[in-house]
Structures are given as structure tokens and as C-alpha cells.
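Please examine the structure shown below together with its sequence. The paragraphs that follow begin at a single residue and then widen to the rest of the chain.

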Amino acid sequence: MRKSLSAILAFLCITGVCAACQTSPASTGTPESSHADAAVGSDYRVSPPNPVVLSGQKTESYYCTMDTSKVYHTIPQLTEDATGIVQATIENVSYFFVDKTPYTLMDVQITDVLSGSLQSGDRISIFKEGGYILLENYMPDIQERFPEITDEEMRSTLADVRVEGDPHPVNGQNAVFFLRQPNPAFPEMDGMYGIVDGYGGQFTENASGSFLRHIEHLPESNQAGDTAAYSLENVLEYDRSQAVGADRSFTAAELKAEILEAV
């Protein structure tokens with residue numbers, strides 16, 4: 001009996017550190033804070049390379065882990081490696097790939113600047129790992145292992161790649177981004193901003209008005225064996241791969257105050 005494509009592709013993929021992101025020196029100076037209606041702003045948005053068309057495709061889900069060289073437990077740690085920190089509204093979401101790596105691109109309009117040289121009202125493009133990619137681009141050699149996968153399935157199947165369950169962004173969402181410059185060795189990302197700690201440097205507003213970041217892997221117990229109450233204030237070096245949980249949520253005022261204190 002021919003195995004279904006879903007059964008064949010049901011395996012865990014491992015992704016490395018986002019190579020197109022690198023730590024840049026944090027910006028210095030007095031934090032700026034303004035509102036979008038006070039300035040028209042500049043348009044720094046860019047078009048993605050190798051855009052992915054989503055319509056009319058079968059989709060297969062992939063869950064990937066991310067091997068990072070540094071885990072950011074606190075807002076001061078995120079702030080230290082950020083070249084800018086902004087609050088922004090997501091205006092458009094698209095997907096692209098470079099080599100075999102899928103990326104999400106968010107075009108946003110800045111509504112508040114907490115650190116850095118960007119201005120309220122500016123429009124920028126922010127990328128992060130994960131997103132949609134055609135199977136033929138994601139795993140071009142998979143037919144060598146599974147010859148029962150047809151050429152048509154390779155051309156028409158979208159891989160929905162989510163890094164540690166990070167949900168896809170939605171137009172209209174409000175979020176705070178800890179920004180970093182892309183690695184200049186990756187010209188495909190020219191003009192795009194990265195996010196410190198990948199999805200870990202994005203705090204998204206939920207329906208109740210709270211801001212929180214998606215953290216899929218958190219400890220079930222601390223080093224003493226007790227239940228772990230994870231928050232940004234924890235000082236233990238956790239192994240995220242061993243547990244699950246939820247991160248601390250903030251009101252808009254709380255998050256802004258913590259960031260401004262750390263800048």
C-alpha cells in the first residue's frame with residue numbers, strides 16, 4: 001500500500017541559528033517615544049526574494065526546533081543586543097525562501113520608538129525564520145529516500161514550517177520588536193530587519209490587550225526539582241528542549257517601563 005505524503009513527511013526537522021541574523025551593538029542615547037499620527041514617516045519596506053504563492057496548494061505541517069547560541073531570559077538581555085526597539089502594527093505578511101530555508105516577512109508601521117534611530121510612522125520590513133515553502137524547494141532530494149512521492153506532489157505541496165510552534169503573524173496585529181540588522185553576508189536580506197532571539201524578541205498583543213512572546217520550550221521543574229515559575233526575571237540557565245510552558249505577559253505600560261529601564 002502506498003504511504004500517504006503526510007505519513008512520509010511526519011518527522012522532526014532541526015534548524016540551526018538564523019545565519020542571516022547577527023548581534024549588532026545596541027544603540028545608545030536617549031530613548032525616543034512618539035506616535036504614528038504625529039509624523040508621516042519614511043518607507044523602508046523591501047520586496048522579498050523568491051516569494052511563495054500560497055493559493056491552491058496542499059499544505060503539510062512541520063515542527064522545527066532552533067539551536068541557538070544564546071537564550072534570552074530577560075528584557076535587559078534582549079535590549080543589550082538590539083539595535084532598535086519599536087512597537088508596530090503588522091500591515092502585510094508574506095513568505096519567501098533563501099536556498100532551502102523558509103522565512104516570514106512582516107511589513108509593519110512603527111507606532112512607538114523605545115530605542116534606536118527609527119521614527120514613529122516609519123514603515124519597515126522584518127523577517128524571521130519559518131513560514132511556507134514548496135516541498136520541491138524545501139527538500140529537493142526527498143524523492144531519493146521516498147520515490148513514491150510524485151513530481152506533482154513536489155510542485156504542489158507547501159511545507160508549513162513553524163520554528164518551535166511559533167504562530168504565523170496576522171495583518172493588524174500589534175507587537176513590540178527587538179530589532180537587529182541582518183548579516184551583510186546575506187545580500188538577499190538587504191534592507192530587512194531581523195529579530196533578536198528569533199521569535200523570542202517579539203512581544204505580540206493578544207485579544208485581552210496583554211503583550212507576550214511565544215516560548216514553546218520552558219522547564220517543568222527548576223534545578224531544585226520544584227515546579228518552575230518561568231518569567232523574564234529567572235536567573236537559572238534553562239534547557240528549553242526539556243519542557244513546555246508559557247512566558248510572562250505584560251500590559252503595554254509594564255512592557256514599555258521595563259524596556260525603558262533597561263535601555
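Ser125 has a relative accessibility of 0%, and because the limit for a buried residue is under 20%, Ser125 counts as buried. This serine belongs to strand β5. A polar atom of its side chain lies 3.0 Å from the backbone nitrogen of Val46. Apart from neighbours within four places in sequence, Ser125 is in contact with Tyr44, Arg45, Val46, Leu105, Met106, Asp107, Gly191, Met192 and Tyr193. The model that shows these details is a predicted one.

How far can the prediction be trusted along the chain? The mean pLDDT, which is the predictor's confidence, is 79 for the chain, and 71% of the residues reach 70 or more. Two stretches fall well outside that group. Over residues 21-38 pLDDT stays under 50, and the model has 46 contacts beyond four places in sequence for them. Over residues 218-246 pLDDT also stays under 50, with 66 such contacts in the model. Where pLDDT is low, the predicted coordinates should not be read in detail.

With that caution in place, the overall arrangement can be described. The chain contains six helices and eleven strands. Of its 263 residues, 48% are buried. Among contacts between residues at least 6 apart in sequence, 74% join residues at least 24 apart. The chain exposes about 12500 Å², and carbon and sulfur atoms supply 50% of this area.

The interior comes next. The largest nonpolar core has 34 residues, and those that touch the most other members are Val108, Ile124, Ile126, Tyr138, Phe177 and Leu179. Two or more residues come from each of the elements β2 (58-66), β3 (84-98), β4, β5, β6 (131-134), α3 (135-138), β7 (157-163) and β8 (174-180). Strand β3 gives the most to this core, namely six residues. Ile126 serves as an illustration: leaving aside neighbours within four places in sequence, Ile126 is in contact with Thr104, Leu105, Met106, Val108, Phe177, Leu179, Tyr193, Gly194 and Ile195. There is also a second, separate core of 14 residues, which includes Val176, Val196, Phe211 and Leu255.

Aromatic rings give another view of the structure. How many aromatic pairs does a search of the whole structure find? The search finds six. In one of them, the ring centres of Phe96 and Tyr103 are 5.3 Å apart and the planes meet at 20°, so the pair is stacked. Phe96 is buried, with a relative accessible area of 0%, and Tyr103 is buried as well, at 5%. Tyr103 also pairs with Phe127: the centres are 5.8 Å apart and the planes stand at 75°, so this pair is edge-to-face. The pair of Tyr103 and Phe127 links distant parts of the chain, since Tyr103 is in strand β4 (residues 101-115) and Phe127 is in strand β5 (residues 123-129), 24 residues apart. Ring pairs thus link Phe96, Tyr103 and Phe127 into a cluster.

Two further residues show how positions separated in sequence are placed in space. Ile110, found in strand β4, is buried, with a relative accessible area of 0%. Ile110 and Thr89 are 21 residues apart in sequence, and their C-alpha atoms are 6.5 Å apart. Arg248 is located in the loop between β11 (211-212) and α6 (252-262). With a relative accessible area of 23%, Arg248 is partly exposed, because this value lies between the limits of 20% and 50%. Arg248 and Arg213 are 35 residues apart in sequence and 8.0 Å apart in space, C-alpha to C-alpha.

Finally, the backbone itself deserves attention. Most residues other than glycine have a negative phi. Asn50, by contrast, has a positive phi, near 50°. Asn50 lies in the loop between β1 (13-15) and β2, and its relative accessible area of 38% makes it partly exposed. Glu164 likewise has a positive phi near 50°. Is Glu164 buried or exposed? Glu164, in the loop between β7 and β8, is buried, with a relative accessible area of 5%.

Key: Residues numbered from 1 in each chain as written. Predicted model: local features only at pLDDT ≥ 70, side-chain atom pairs only at ≥ 80, totals over all residues. Heavy atoms only, no water. pLDDT = per-residue confidence, 0-100. Contact = heavy atoms within 4.5 Å. Phe/Tyr/Trp six-rings, centres within 6.5 Å; stacked < 30°, edge-to-face > 60°. Buried < 20%, exposed > 50% of the residue type's maximum accessible area, 1.4 Å probe, protein only. Helix = DSSP H or I, 4+ residues; strand = E, 2+ residues; numbered from the N terminus. Areas by Shrake-Rupley, 256 points an atom, 1.4 Å probe, with all protein chains shown as cover. Core = buried A, V, L, I, M, F, W, Y, C linked by side-chain atoms within 4.5 Å. Polar contact = N/O pair within 3.5 Å; in protein donor to acceptor, adjacent residues only side chain to side chain.
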